[in-house]
Number of protein chains: 2
Amino acid sequence: MKATIKDVAEKAGVSIATVSRVINNSKQVSEPLREKVLAIIDELGYKPNPVARSLVMKKSRLIGVIVPEMSNFFIGEIMNGIEEMCKSCQYDIIVCSTQGNHEQEIRYLDLLEAKQAEGIIFMSWKLHNDVVSAIKKIENPVIMINRNTINSVVPSVSIDNKKAAYEMTQYLINMGHQKIALLRNSIDMDTFGLDQTIGYKEALADSGIKVEEQFIRYGDFSVDNSYKIVTELLEEGNLPTAIFATSDIMAIGAINAIEDKGYNVPDDISVVGFNDIKIASLYRPKLTVIHQPLFSIGTVAVKMIIDKIDGYELKNDIVILPHKLIERDSCKKIEINEDEK
Amino acid sequence: MKATIKDVAEKAGVSIATVSRVINNSKQVSEPLREKVLAIIDELGYKPNPVARSLVMKKSRLIGVIVPEMSNFFIGEIMNGIEEMCKSCQYDIIVCSTQGNHEQEIRYLDLLEAKQAEGIIFMSWKLHNDVVSAIKKIENPVIMINRNTINSVVPSVSIDNKKAAYEMTQYLINMGHQKIALLRNSIDMDTFGLDQTIGYKEALADSGIKVEEQFIRYGDFSVDNSYKIVTELLEEGNLPTAIFATSDIMAIGAINAIEDKGYNVPDDISVVGFNDIKIASLYRPKLTVIHQPLFSIGTVAVKMIIDKIDGYELKNDIVILPHKLIERDSCKKIEINEDEK
DNA sequence: TTGTAGGCGTTATCAT
DNA sequence: ATGATAACGCCTACAA
């Protein structure tokens, strides 16, 4: 049986209050007693029981993390950031994955609250209204990741998706591309996916290029699906000269589809990605992408939570981290007059 | 303030014992009372406090998972399996990542025990002796993943790494390859990496091919490192006709290195991988690999833990799951007489 | 400085 | 069938 505070107290011939004081440094304890207690603690291998502790303190030093899935580079990188920051602040994390099911999301929200999680980091591809209200009901801080959009209501940290998409589109235009297809996500119609689409359209408009709806294609985050929709796009005959995929995985699906059709990337069609997960620079051709500071997004989220836990008022509930356009090998400059046969 | 069992009891005009009974179905409660209590519970939105519960029950329905890192496809897939099985068994998981630091590993082992985790799933690239003794000290079930080796001491689940490596090597030999380089991991000298090397050597020996130590190269699990050591190998002049990488990531690093040197995969040099993480079939050329049932490894590990928690005696503490050789596009048959110029 | 005792929200063992 | 009440391991006024 594990030693308890009582065992320590008895063996040291002091009260449990004294033991409690030495393990928490809460009040002064005379040096001799203190040392004696410490010795016994060591001898018995006593460790305070965190469960009992959180019952009385209503604190757990636990941060809950809710994600749609785990085996995902995008999420994994963010998780690394979260883990790192938690560790250095002595918090532990409990992870729940929801498969994007919003009832599951709500259940986990409740669960984490019940477990005395002192804060929750929430991530989801698509944001359901019930989930938003569930989040609002929770007393402890909840912060969302990658969720900034016009009418954001919950604290969040992310990049400026609209601006990033704008920049990428403009980059493509500067490279001579006019016929730019956008691969976006149909499972995320109302948050960052929307922001990205707006950025794309604005960039086109600002350059006087007409937005062609048939160049905006909807898929999900899988390679296979992306492969499929790009194959369809190619078969329709009206070829784009560039494809802007709003995730690296989609970009890879696109490249595979293009090459399997006998075209070359970037010689025939340029493809750019978004996020810059590890595979982006590992794949050949290396992907030109918008880089998101995934790791930092994780650390900042935790930092915000902990600040809130500690009672600091945040200046900004919506924090935007900087993104970066990274040029690699999947995009090529084309001659404008190529169109004029 | 959250409603407690006491609030429910008072409002319902019954004792807390009765309330406890209805929420646990532990003993018969008369129908009228039961319904009344249920109504109040609903009205107050009462949820039992799991912390208090685990304090008295010494149970937490929590399984701890210790991994070296999170943003890793290999681990992610296993995690998905773990998550899935836990969910369907109503267990929650708390995840700790160690960066492969063995002191950190021990700290987490202690922490999880303190948090009343009912079982622990442990994963590490390299197994330190102190960790092994720490694991043995823990009373609750601990099971390791991917750790079977000759003198295994802790319950584990994995594939037969030796046999898998043997099969892959033999496959290469059957494809006409004689000069087969092995890319293995220097950070894991004494567990599955060792098993794989033994399998490789045995296959060579059984075909009467001499094992050349300079064809066995040591790296780590990163693409960059793999790229580097393969580049070195190529520059030394004595070219292998095939490279057996013991992880898919290493295989990709190898392919990139080979192609950057102006050779083609698989025309000039064949490369095969190990694990079959998602990228393996997504990369071009698609990787010929040994497939590990990652997801199942996760689910089986949890199943074992839960069985142990429930007091069942396991027939086998070491479970071996089936692997599979998957032929794709990164390996090519060569003519034997090519050597004889 | 140190000890006593009440309480955190449950479950479980007694009586009733 | 129901209700007191003693744990569970710890923290923290309050007293001494």
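**Protein and DNA contacts in a predicted model**

Good morning. In this predicted model, the contact between the two protein chains takes 34 residues from chain A and 34 residues from chain B. On the side of chain B that touches chain A, two or more residues come from each of helix 4, helix 5 (73-88), strand 2 (92-97), helix 6 (102-114), helix 11 (248-260) and helix 12 (278-282) of chain B. Helix 5 of chain B gives the largest share of that side, with six residues. By class, this side of chain B holds 17 nonpolar, nine polar and eight charged residues.

I turn now to the DNA, beginning with strand C. DNA strand C is surrounded by 28 residues. The closest are Ala17(A) and Ser30(A), together with Ile5(B), Asn49(B) and Ala52(B). From chain A, helix 2 (16-24) and helix 4 (50-57) each supply at least two residues of the surface near this strand; from chain B, helix 1 (5-12), helix 2 (16-24) and helix 4 (50-57) each do so. The surface near DNA strand C comprises 16 nonpolar, nine polar and three charged residues.

Next, DNA strand D. Here 27 residues surround the strand, and the closest are Ile5(A), Asn49(A), Ser15(B), Ala17(B) and Val56(B). Which helices each supply at least two residues of the surface near DNA strand D? They are helix 2 and helix 4 of chain A, and helix 2 and helix 4 of chain B. The surface near DNA strand D divides into 16 nonpolar, nine polar and two charged residues.

To close, I return to helix 4 of chain B. This helix gives two or more residues to the side that touches chain A, and it also supplies at least two residues to the surface near DNA strand C and at least two to the surface near DNA strand D. Thank you.

Technical notes: Residues are numbered from 1 along each chain as its sequence is written. Chains are lettered from A and ligands numbered from 1 in the order in which they are written. This is a predicted model: local features need pLDDT of at least 70, side-chain atom pairs count only at pLDDT 80 or more; totals for chains, interfaces and linings use all residues. A residue is near a molecule or strand if its C-beta atom, placed from the backbone, lies within 6 Å of it. Helices (H or I, at least four residues) and strands (E, at least two) are DSSP runs, numbered from the N terminus. Ala, Val, Leu, Ile, Met, Phe, Trp, Tyr, Cys and Pro count as nonpolar, Asp, Glu, Lys and Arg as charged, and the others, Gly among them, as polar. Two residues are in contact if their C-beta atoms, placed from the backbone, lie within 7 Å.
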